Structure formats: C-alpha cells, structure tokens
Amino acid sequence: MSRFYLTTPIYYVNDVPHIGHAYTTLAADVLARHHRMKGDEVFFLTGTDEHGQKVEKAANAAGETPLELADRVVKRFQALWEKLDISYTDFIRTTQERHKKGVAHIFKSLIDKGDIYLGEYEDWYCTPCETFWTETQLIDFKCPDCNRPVEKLKEESYFFRMSKYQEQLLAHIEANPDFIQPKSKRNEILSFVKEGLRDLSVSRTTFTWGIPVPGNEKHVIYVWFDALTNYITALGYPETGGNFEKFWPVDVHLIGKDILRFHSVYWPTFLMAAGLPLPNKVFAHGWWTVEGQKMSKSLQNVVEPNMLIDKYGVDAVRYFLLREVPFGLDGDFSHSALVHRINSDLANDLGNLLNRSTAMINKYFEGIVQPTGPLQEIDESLKSRTEAMVVQVESHLGDLAFSKALQAIWEVISAGNKYIDESAPWTLAKDPAQKERLATVMYCILESQRICHHLLAPFMPETAKKALGYLGWDAEPAASGLQWGGLKEGTSVVKAEALFPRIEEKGSE
Ligand code: ME8
C-alpha cells in the first residue's frame, strides 16, 4: 500500500469562501478519493490562515477580535466543505497550539543555525498581498501583483538567508522537471530564481496578530512563514515520528497560480534550511473569472458555492468545475455554461444511458442479469474501449488532468449510447431466437456503465453511488471493481430514476 499526502492552501479568514476556494479543495478531494479507491493510505489536509495584518484589519473593521472573526469564518469554510462532500483528513487552523509550537520551533532552529538574523528593513509593502517590493518592482508605484497602493515601511526585522539557497533551489528545479507544474509556470519560476534571490524579511513589528518570534516578542513571525509551515505542523512537526515520518514529503501541494512563488521558492528554501525533504510536486492551477470579469466584492459578482449547490446539486457543481477548464488554465464561470453541461453531459448522455439500459433489462428480463453468449465485434469494441478508459483515467489523474479524465469517461458514455442505437435491443426482443444475443447486449451496456461509474465515484460520489446501486453493485467503489466481468449473472438491476433532471436553458441568469 502506498501513502499519499496532498494539501490545499490554507485560506484566509478575512474573506468568505467562493468558487475559487471550492475549486482547489474539490480538485484535492477528487485526487484523495481516487487514491483511497486504489487502496492508498491518504492524508488530505486543508485549513485556514488566521494570522497577519490583513486578518487583524478585517477584524478591527468588523468590531471583533481577530480570533472571534476567525472562529466565525472558519465555520463557513467547514460547512461548505461538508456540503461539497470534501473528504479531508485534517483541518488545520494556524491559531491552534500544535501549529504555533511547530512554527516557533522551526523559526528558532533557523535563528540558532544563523539562517535567520536580525536586520533592518525599508521598502514598499502591499498589505493585501502581505509582500514587500523594491521600488523597481513597483508598477506606477502600485503593487505589481494586485495593482493596489503600497506603503513605505521601515522596521527592524528578522531576515531569512534565502540568497544562500538560490543555487541549491535552481539545481533542484532543474533536476526535477515535475517539481513545479504546469510547465509554463515552472519556466516563470526558473527565470525568477535566476534573477537572484534576496534575503527575505520574516518578521514584523508594526502589528501584533501573529506568532511571536521566540526570544524577541516585539516581533511577530511573517504570515507566509507561519502559513507555509502548516504543511508540516499538521503532521505533528517538530515530532518527527508518527504522521510526519509517515507522510512527509508531501506528494502534491495544490494551489492557485497567485501563490506559486511562495510555494516553489520560499517554502522549499525554508525546508532546505531546516534540513527537511522538499515537496514532490507543487501544482498551480489557473484563475476563475465570472462572466468574463474578475471576481471581486466590489463588483458584487462573487459566486457563492452554497447557492450553486442548492440550485444545481453538489455533483453537478463538482462535475462542472473540473470538466469545464483544463486544470492549469484560466477559466470563466457562467450560469449558462453550467446549465449547458448539466443538460448535455449529465442529463442527456450519462443519465439517459442509465435510464434506457436499466429500463430495457427490466422490460426484457425482469431486471435480472442473464447468462451471456459469445461477444461479437461491436461488443468487443465497447469492452476494449471501456478497458482502455480505465488506463487513460489513471494516467490523466496522475497528471492532474481532471478534464481529460472526464472526457475519456464521456467518450465511453457516448460509445454506450451509440452501442444501444446500433445493436437495437428492441428489434432483438421481438425474436425469441435472439434471446441470448439480447442478454449479451444488455450485459455489455450495463457492465460498461458499472465501470464508468466506478471511475466517476471520486468526481461525483453521490451520483456514482446511486448509479451503482441501480446496477446492483452494493459494495463501495474500489479498484477491484474496474475489471470487466464484475457484474454477475443473477444480479438484480433496478430501473433508474433520472440522475439529473434537465434545466430550462434561458442563457445566462
Ligand atoms: O493565499 N480562481 O489564501 P486565499 C481560482 N492564505 N482559484 C482561486 C480563486 C480564483 N478566482 N480565488 C481563490 C492565501 N482561489 C493564503 C494561502 S497557503 C500556505 C496560504 C484559490 O484565501 C486558489 O487556490 O487568498 C488560491 O491559491 C487560493 O484560493 C488563495 O486563497
């Protein structure tokens, strides 16, 4: 049995969850479920980032303490993950003792080693991004990342000797082509590192909401140093036995492209300094806009996942987000695209195939799977396409190509619909001499779908469970169910209800 450790970003509590957050968490969930199905021991971590000036400011504005704000918002995240069927193993909050202890430990060990030292900082600071910029990096005197105003800050600060690790990091990225994905992002990071790494300011004195620097409580630890460390404190670091030993290094950090530099430059160099192994992979996915526009509170166009789930159902939302846009590219959310996917892919293709085929076996054989005869060319073709799909989906998910994996499944669903049209069971049913042939056709079409729904289980857990139930498969979906021949003679197949009702298409709402 292998072990698989994967993480999402820990989300800031000064914002409420929207589809961007749901997207990363959902992708992680599909991967976690896929690995569990293979029998791997999975540790799937998510959580919240609760320190820093941004959270402190939001709390002040709301007339709360930062912890009151965090306690309130964390519930919103947890409730959404429950509603979205997210099967995380652990949820870390950076205000938890286990985390604060681990962060203080690693910070102190780097001070002791001389890789963190006290100095003075004067530069331009972007509070929303919690990032310092040099004057030359600014664009029109605004933050080059978010285009918002920056302020000049001068403070005594601890620095992390990031410059010391530049060559080692470069060598690592070059020797491990899969370390940063997708490739275009890897190239961006390579050029960034080649331009040279400056030492990084890793403490602040201008506010107090954070983890104090051990031995100098005037300073709080920089929020990104604090946040990134969650990936090891959740495993029990600094205790090195137990989960830490079992699961570190992480198999994949799933993140959005906005925070790639933190994960592929800062974090690996912190780990190098601490003498710890580096992540196996950092994957930065693309950015969602909404009806062509950037999602923002001021535009009031933030897509609220709870509302989508209430309206369209959890599995339709899960399917849409991972099917619509290749993982790694930017995407645009629109209600009309979602409704279109539901009607064409889910109601027409997937649902209709299950409806037709389960209705037929009930009509012709009272729902009981019959002994089959020899397979003809058309049956062999459906069987081999189904078997090839299993291999393709495994390989696509290995590459985090969720959309391609779904596409491969849909090719077999379409082939199934075509198979019914071409083998015309209604004609076979009229001729008693064709009874065995009809039984074989029924077998092939149901068996192909049983395997499709196994592969769909990580994407659409509720739907797959329902569909497999109709197909007489009561066990949990598992890798052993991916073999052709799993559907046994004598199994009772139930006539399926519509998996996804069609929705009136009126264009965007
Ligand atoms: O950055 N499209 O937290 P955050 C796609 N606390 N993904 C999006 C998105 C969009 N429009 N908007 C948000 C932080 N995301 C830090 C992380 S990790 C040690 C600390 C997703 O609440 C995407 O995964 O701003 C992005 O990286 C993340 O939310 C940012 O979440």
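A strand here is a DSSP run of at least two residues, labelled E and numbered from the N terminus. Keep that in mind as you click around, and remember that this is a predicted model.

**Stop one: the ligand**

Start by selecting the ligand and showing what sits around it. You should find 23 residues surrounding the ligand, and the closest are Ile10, Thr24, Asp49, Asp258 and Trp288. Which element gives the most to this shell? That's E1, with four residues. Colour strand E1 (3–12), then helix H1 (19–37), helix H7 (223–228) and helix H8 (230–233): each of them supplies at least two residues of the shell.

Now colour the shell by residue type. It divides into twelve nonpolar residues, nine polar ones and two charged ones.

Next, zoom in on a few atoms. Pick Ile10 and look along its backbone: a polar atom there is 2.8 Å from a nitrogen atom of the ligand. Move on to Gly20, where a backbone N or O atom lies 3.5 Å from a nitrogen atom of the ligand. For Thr24, switch the side chain on, as one of its N or O atoms is 2.6 Å from an oxygen atom of the ligand. How much of the ligand does the protein cover? The ligand on its own has 680 Å² of accessible area, and the protein covers 94% of that. If your viewer can draw pockets, try it here: the space taken by the ligand is the largest pocket.

**Stop two: a sheet of four strands**

Leave the ligand and select E5, E4, E6 and E8. These four strands form an open sheet in just that order, E5-E4-E6-E8, with antiparallel pairing. E5 and strand E8 (200–201) stand at the edges with a single partner strand each, so one side of each has no neighbour in the sheet.

Walk across the sheet from E5. With strand E4 (residues 116–126) on screen, look at its pairing with E5, which runs antiparallel over three bridges. To see one of them, select Cys126 and its bridge partner in E5, Thr131. Four residues lie between the strands in this hairpin, and one residue to click in the hairpin is Glu130, which takes a positive phi near 50°.

Step over to the other side of E4. How many bridges pair E4 with E6? There are ten, again in the antiparallel sense. Two spots to check are Tyr125, which stands opposite Glu151 in E6, and Tyr121, which stands opposite Glu155 in E6.

Then go from E6 to E8, joined by two antiparallel bridges. Select Phe159 and you'll find Ser201 of E8 opposite. Select Phe160 and the bridge partner in E8 is Leu200. While you have the sheet up, show side chains: in a regular strand they alternate between the two faces of the sheet.

**Stop three: a sheet of three strands**

Now select E9, E11 and E10. They make up an open sheet with antiparallel pairing, in the order E9-E11-E10. Which strands are at the edges? Strand E9 (203–204) and strand E10 (212–213), each pairing on one side only. Follow E9 to strand E11 (residues 216–221): the two run antiparallel and are joined by two bridges. For a pair to highlight, take Arg204 and its bridge partner in E11, Val220.

**Stop four: backbone oddities**

Finish with a few loops. Select Gln181 and Pro182, which are joined by a cis peptide bond with omega about -5°. Pro182 lies in the loop between strand E7 (180–181) and helix H6 (183–194).

Then jump to Trp248 and Pro249 for another cis peptide bond, this time with omega about 5°. To place Pro249, look in the loop between helix H9 (242–247) and strand E12 (252–256).

Last, click Phe141. What is its phi? The value is positive, about 60°, although Phe141 is not a glycine. You'll find Phe141 in the loop between strand E5 (131–133) and strand E6 (151–160), back among the strands of the four-stranded sheet you visited at stop two.

Conventions. Residues numbered from 1 in each chain as written. Predicted model: local features only at pLDDT ≥ 70, side-chain atom pairs only at ≥ 80, totals over all residues. Heavy atoms only, no water. Near = heavy atom within 4 Å. Polar contact = N/O pair within 3.5 Å; in protein donor to acceptor, adjacent residues only side chain to side chain. Areas by Shrake-Rupley, 256 points an atom, 1.4 Å probe, with all protein chains shown as cover. 1 Å grid on protein atoms, 1.4 Å probe; cavity = no way out; pocket = protein on both sides within 12 Å on 5 of 7 lines; lining within 4 Å. Sits in = over half its atoms within 2 Å of the grid points. Nonpolar A, V, L, I, M, F, W, Y, C, P; charged D, E, K, R; others polar. Pairing = 2+ DSSP bridges.
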